Amino acid sequence: MYALFALPLLYIIVFKYVPMFGSVIAFKQFTVTKGMFGSPWVGFAHFERFFNSYEFWRLLRNTLSISFYTLVASFPFPILLALGLNYVKNERFKKTVQMITYAPYFISLVVVVGLLFQFLDPRTGIVNAILGWFGVDAINFMGKASMFQSIYVWSHVWQNVGFACIIYLAALAGIDPSLHEAAVMDGANKIQRMRHIDIPGIMPIAVILLILNTGQIMETGFEKILIMQNALNLRSSEVIDTYVYKVGLVSQALNFSYATAIGLFKAAIGFILLIAVNQTAKKVGQESLW
Amino acid sequence: MNKSVIRESGSDRAFTIVNYVVLSIVLIAVLYPLVYVVSASFSSSYAVLSGKVWLWPVDPSLDGYKAVFKNKNILTGFQNTVLYTLAGTLLNVIMTILAAYPMSRGDFRGRHGFMLIFVFTMMFSGGLIPTYFVVKDLHMIDTVWAMLVPTALSVWNVIIMRTYFQTTIPHELLEASQLDGCNDFRFLLRIVIPLSGPIIAVIALFYAVGHWNQYFNAMIYLKDPHLYPLQLILRDILVQNEVKIDMLGDVKSAAARQGLRELLKYSLIVVSSVPLLLIYPFVQKFFVKGVMIGSIKG
C-alpha cells in the first residue's frame, strides 16, 4: 500500500512543498547565476518595497473589491435558482433549465472572454447594436475601467450559476417530504414552506460554501482577469496575481524575489482569512470546516 | 374529509406563475448568447458585420467553418489539446486513485498525517514563481510534460474519491479477498476500481474539463508554437485579435476580410466548445452524486 501511495506523495512534495520552501527567495536577492542558496539574504526588504510602492494600495483594493463583489453577487443566485426549480412540477421544463444553465460551466475562460469581446465590441457587437436601437451611442465596454469589475463578475455569475445550484438542489432533495406534507395540512402556502422548511434545510450547506468562498477571497479569478485586461482598464483590473505574473515572468526587468514576496504576502493573507472565517463560523455555532 | 387532490390556493398559483416566468427569463438569459454564437457562425460575414443576425442564421453559409478547418495552427492546436486532455486525464485518474485508496483504508498507518500534508497544500502555496522554477529545474519547459505533470493531482478530487471509497466499499470485501490470498494491488484493480465506475467518470470529467480549458500553464511553460494547445491559439484570435491575413484565404477586399475575421471567431468558438458540450450530458447523471460526495467533509 505504501508503494501505491509513493507516487502521489512524491508529486505533492515536489510540486507543492518544494515551491513552499522555494519561496525563501522572497527574503533573498535572488539571481539565477548564484542560485537559491548562493543568493544573499535581504530580510524583509522586498516586502517593505512592496508596501511602500504606489502600486500597493491599488492592487490590494482591486483584489479585495473584485473578490467581495464576486462573493456577494455569486452567492445568492444559485440558491434562488434551486429554490425555484424545486417547485417546478413539469419535469421536462426542470430538466431543460438545468441542462442549459449547466452548459456555460463547460465553456473555457478564453471562449467566455472571447464571447464578451464579441458581444461588447463597439463596432460589431450585438450589445451596442441593441443600445443603438434606443439611440444610445456605442460604448467601448472593455476600455472602460469603471465597467471592468461588473463585466467580470456578471459573466462569472452567468457561467457558474447552474453548476453551483446542483449542490443546493441535492440538499433540497434530501429534505424529509413529510415536513412539507405536514405544512400543507396546516395550510402553509409555498412561500411559507420555502421560508420555514427549505431555507433552514439548506442553511448548513450554504454556510459551508460561504466559508469556503470567503477563504478563497484572495484567489481572484486570476486567469480570467489576465485575459480580460488591456491598457485602458488596467486601473481597475490589475490585481495582486496579475502583478506577480508580470513582475516575475513577463516584464523587461524580471525580479523573481520581488514577485515571490508579493505572492507570499497574498498567500499569507488568504491563509489568515480562511482560519479567521472558520473560527468565526465555529463561534457563531454554525458549521465549520474542521 | 378533504378531497384527495388539494387544489392550489390563490397565492400558490400566483407563486407558480411567477416562478415559471422567472425561470424562463433565466433560461433565456443563459441560452441567448449561446444561440447567438451558433447562429452567427452559420451566417454570412456581411450579415454578421451589419448586425442583421439577432436570433437565427441570416444568409446561411459555411465560410467561417471553412476558414477554421483550413487553418493549420488551429488544427495543430486541436490535436495537441486532444492529446493533453486524454493523456493528462488518464494520469490524473491513476494518481488520484493511488492517493485516495490508501487513505480510505482504516489500516493504513499515518493516513491522518498524510491527509494533513495534502490538505495543507489547498490552503497555502508557494506561489507562481517558485513553482515555475521547479518546473524549470526539472527541464520540463517547452516539453509535453509541462502540460501533464504539474497538474497531475488535485487534492480536492482525492478527498472526493477517498470519501466515495470509504462509504461504498464494504470492509468485509477486503477481509474476504485477503483470506483468499489477494494482495492490496490486486484488490484495488479487481474489486475497488470496477465498483467505482460512477465516481471515476465524474472525476475524469472534472479533470478533462480542466485540461481542455487550460491555457495559463501552456502560456508560461511552452514557447514552441507546435506544442500550443487550442486555448492559446483561441486567445490570440479571440482576445488579442491576431487574425493573420493568410488565415482568411484569398479574400480580397478589406471589408470582406473584416467580415470573415468576425465570422471566423464565431465558428471557432463553436468548434472549440462543442466536444465538451457533447460529452457532458452523458456524465451529467453522475454529477449530483459526485458534487454531493465532495461536499461531505471527511
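Helices and strands are taken here as DSSP runs, with at least four residues of H or I for a helix and at least two of E for a strand.

**View 1. Two annotated spans of chain B in the predicted model.**
Between the end C-alpha atoms of residues 145-165 of chain B the distance is 30 Å, and this span is 71% helix and 0% strand. Residues 20-42 of chain B have their end C-alpha atoms 32 Å apart, with 96% helix and 0% strand. Both spans carry the UniProt annotation "transmembrane region", which comes from an unreviewed entry and also covers residues 82-101, 113-133, 187-209 and 263-283 of chain B.

**View 2. The contact between chain A and chain B.**
Chain A contributes 82 residues to the contact and chain B contributes 95 residues. Together the two chains bury about 8,100 Å², of which 78% is on carbon and sulfur atoms, while the count of salt bridges between chain A and chain B is 0.

**View 3. The second largest cavity and its lining.**
Of the 2 cavities of 30 Å³ or more, the second largest holds about 30 Å³ of space. Its lining includes Phe106(A), Ile107(A), Ser108(A) and Val111(A), together with residues of chain B, among them Trp212(B), Asn213(B), Gln231(B) and Leu234(B). The elements that supply two or more residues to this lining are α11 (197-213), α13 (230-239) and α14 (254-295) of chain B, and α14(B) gives the most, with 3 residues. By class, the lining of the second largest cavity comprises 6 nonpolar and 5 polar residues, with no charged residues.

Methods
Residues numbered from 1 in each chain as written. Chains lettered and ligands numbered in written order. Predicted model: local features only at pLDDT ≥ 70, side-chain atom pairs only at ≥ 80, totals over all residues. Heavy atoms only, no water. 1 Å grid on protein atoms, 1.4 Å probe; cavity = no way out; pocket = protein on both sides within 12 Å on 5 of 7 lines; lining within 4 Å. Points joined across faces, edges and corners; volume = space filled by probe spheres on them. Nonpolar A, V, L, I, M, F, W, Y, C, P; charged D, E, K, R; others polar. UniProt positions renumbered as here; feature names shortened; annotations may be inferred. Contact = heavy atoms within 4.5 Å. Buried area = accessible area lost by both parts, 1.4 Å probe. Salt bridge = Lys/Arg side-chain N within 4 Å of Asp/Glu carboxyl O.
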